[in-house]
Structure formats: C-alpha cells, structure tokens
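Here are a few notes from my pass through this one. Have the viewer open while you read.

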Amino acid sequence: MPFWDWRGLALYEQHLNYLKEHDPDIFGYLEEEKKRQMDGIELIPSENLVSQGVLEALGSVATNKYSEGYPGKRYYGGNEVIDKIENTAIERAKKLFGAEHVNVQPNSGSPANMAVYWALLSPGDTALGMKLTEGGHLTHGHPVNFSGKLYNFLQYGVDKENEMLNYETIAQLADKEKPKLLLCGFTAYPRKIDFKKFRKIADETGAVCMADISHIGGLCATGVHENPSPYFDVVTTTTHKTLRGPRSAIIMCKKNFAEKIDKAVFPGLQGGPHEHVIAAKAVAFKEAATPEFKNYAAQIVKNAKKLAQVLMDNGLRLVSGGTDTHLMLVDVTAFGISGKGAETALEECHIYCNKNTIPFDTKSPWDPSGIRIGTPVLTTRGMKEKDMQEVGDFISDCLHNANDKEKLKQIRGRVNKFCLQFPFYK
Ligand SMILES: *Cc1c(COP(=O)(O)O)cnc(C)c1O
C-alpha cells in the first residue's frame, strides 16, 4: 500500500490527542470537518487530501522560526537548520520539475503570481491572460483583482465553436497588443494546454512567457500533462491541488529572472517565510517523485475521462465535449436547474463541487449555467474507473431530483455508505 494511505489511516487518530483534552471546541470542529471530508464525495478539482507526512511537517516546530531572507543570507540568527529544510525543498522542486531556479517562499498561489508581476512588470504595463469566465484565474487580470487594477491585463477566451483555446486568435491578439507578459495556465479549462504554442507566440512578440500550472502541477510533475518548466521563463504552481502538498505555492524560473523574483517575494511582498509549510512542501515533492505518485496522476485523468463519459451518457453536456485533465465543466441547464441549484442539491447529498460559468454563459457568475468537478480527491481515496460509474450516477440522480428533498436524503444515505469503502484518515 502506498505510504500516504496507511500512514494516514494508522496515525491520524493520535494526531489531535492534546487538543482533544485541552481544547475540546476546536478539537470537536476538526473532528466534524474530518468526518465531513470522509463521508462525502469531494469533487472540487482544486482540493486534495494530504499524507500524514505533510500533516506532521505542518504541525512541527519549524513554525516557531523567523527566517527572513534566503538560505545563507538571513536577517535572523539561528537559521542553520531552517536553511537545510529550505534548501531541501528547493532542490527537490528543481529536480521534480526540471527547473533552473525555484523560490519556495510564496504563501499561496495568488501571492506567487503577485510576486512575478511585481518582479517583471511596472504598474500600467500590458499583459495578456485568460478571462475568468472562460477558465482564467482572478489573478490573471480580473478587474476586481489587484492584477486587473495595477496592470493593463488584456484577456483572451476560448473559441465559440469547440470551447477550446484557439492559438491563432491568441497569436493575433498578442501581435497587435505586444504584451510584456504572456500568461497561460488555467483554473477551469478541461483540455490539454499546448505550451509549445504559447512559447512560440511569446517569442514572436517579445513577451515574457509565463505559465500558472496551479491546477495541473501534479500532472506536469509526472509527465501526465506536458511540463512547461524546462522552457518557460516563469512557472508558478500551488502545491495543494493535484500536487497534493500543503496549502502553498512555488515560483520556478530561468536563472536570468531569479534575482528579480527572489527580491519581489522578499523583501518586496512578504516577510518571514512559513518554514513549517516549506518543510511540508519538501515532503510533498519527495512523494511526488515516486512511481506511486506517477500512477496516481495517471489514474486521476483516467477517472476524469470515465466520469465525463458517465455524465454524458446520462444526458449532461460537458464543455468542449469532455476532458483531458483532472477536471470538467458540466452544463447543468439541460436538467432545468442552474449551477447554483446544482451545487446546493449536490451538497444536500454530501457531494461537493462549485458552481462555475461556462464559456459564453448567458447567466450571471452568481448563478451560472455550470458546475466544475474533478477527480483528484476521489483518486487519492483509491477510487478507480469502475467507481466513477457510481459517482456519475449519484450526480445525475441528484440533479434529476434537485427539488425533491426526500429523494436527496435517500441519495445522501447511499453516498455516505459508498464513501465507507474508501477510508483515508481514521
Ligand atoms: C488556485 C489557483 C491560484 C490561486 O491559489 P491560492 O492558493 O488560492 O491563492 C492561482 N492560479 C490558478 C490558475 C489557480 O488555479
């Protein structure tokens, strides 16, 4: 059995022993949350379940230390051991992704992107990223986000015909606008990204070529999706999504951008790095380099393809007609409900997802036409293709009966029972 499975099962029970006795309020909530995670079907594609090793590093004494600066150049004494931890995280990340330089200090995905822009752009500079409503992230230039306020972020979308990226249109836009930074990598795009085409567009227009692989980090690290890190100028990724590490992020870049990026993270934007999280990132990178993890990443995609097929067979339309990755966008309007209605009905059955706009959505982002679902958590729990038949049927059943409280309650009972077969934390 892979080490993250049995470790999680055997040891989590003792993990909160002190709290159990001394802070029953928080202990109680944490137990409740663990039960919720174990009893339900988690389909949010940006979530995962971490190993006991990652949890142990997160709960370690490394949280006590101030270490502003970088290994060997700290503004505080007493960092000889912390330097070993941070250097280990850096070396493991470099090897895992084939990156020239890695900064492991960003506290999460949004701060990582902020640091890249802070390093490489001046306020008012033009950049080009994907629209939020068609798969981009808030930090890719949305007007409510610092990225849209501080920079002249122009946006591309998907093609109306097939709901996929149209590289010719992006190339034309880049040629016309001459952005200083070209950004790809998405948060709700179910198809493979042709990174080589983005690299070519950036070269032709003189833009810095950046990928934000937050969602597909684990797929890129294992070669299940093409990995842009060896030939892109800058790559950011969160570490808590398909990469299955702690809630955090890293920045990878070519040597010539290293100094600017390190300075932007610290002292530009952050203070003391969270070294306990950096230790947990190092643990996750070691896990991600194993053959078991490679199988895991491949299984995520197999499960997603199977789930997509089941949903389509049950009469639902999928954006772009399917998936190549860990996630899919489901247009739920055929069942006479909205994305918000679907999210609520599914939650009633202990099936968790998020409402999401679909390309060219005619409804509002508060109550869009779709939901976004994915398979990273279910795959971590050990589910295979055959289990996706059941998961897909639960989803369709629930959406068909979205207004029938009694039916939803019955489905919830079946969901809870189904989940017992796939324990993860005891
Ligand atoms: C999740 C995500 C982020 C943001 O990460 P946080 O840790 O939530 O700040 C940034 N970019 C993309 C593409 C993402 O999917």
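1. Start at Ala 211, which stands opposite Val 235 in β9. This is a predicted model, so read every contact here as computed from predicted coordinates. β8 and β9 (residues 234–238) pair in the parallel sense, with 3 bridges between them.

2. What does β8 pair with besides β9? Strand β7 (residues 181–184) pairs with β8, again in the parallel sense, over 4 bridges. Leu 182 has Cys 209 of β8 as its bridge partner. To get from β7 to β8 the chain goes through helix α9 (residues 195–205), and that β-α-β crossover is right-handed.

3. Are the residues of β8 (208–212) buried or exposed? The strand is mostly covered, with 5 of its 5 residues buried. Val 208, Met 210 and Asp 212 point one way, while Cys 209 and Ala 211 point the other. That fits the usual pattern: in a regular strand, side chains alternate between the two faces of the sheet.

4. Asp 212 turns up again at the ligand. There are 13 residues around the ligand, and the closest are Ser 108, Ser 110, Asp 212, His 215 and Lys 241.

5. Now some polar contacts, each to an oxygen atom of the ligand. Ser 108 brings a polar side-chain atom to 2.5 Å from a ligand oxygen. For Gly 109, a backbone N or O atom lies 3.0 Å from a ligand oxygen. Thr 187 has a polar side-chain atom 3.2 Å from a ligand oxygen. As for cover, the ligand taken alone exposes 380 Å², and the protein buries 86% of that.

How values were computed:
Residues are numbered from 1 along each chain as its sequence is written. This is a predicted model: local features need pLDDT of at least 70, side-chain atom pairs count only at pLDDT 80 or more; totals for chains, interfaces and linings use all residues. Side-chain values use heavy atoms; hydrogens and water are left out. Buried means under 20% relative accessible area, exposed over 50%, partly exposed in between (1.4 Å probe, protein chains only). Helices (H or I, at least four residues) and strands (E, at least two) are DSSP runs, numbered from the N terminus. Two strands pair if DSSP finds at least two bridges between them. A crossover is right-handed if, with the strands pointing away from the viewer, the path from the first strand over the helix to the second runs clockwise. A residue is near a molecule or strand if one of its heavy atoms lies within 4 Å of it. A polar contact is a pair of N or O atoms within 3.5 Å; within protein, one must be able to donate a hydrogen and the other to accept it, and residues adjacent in sequence count only if both atoms are side-chain atoms. Accessible areas come from the Shrake-Rupley method with a 1.4 Å probe; for residues, only the protein chains shown count as cover.
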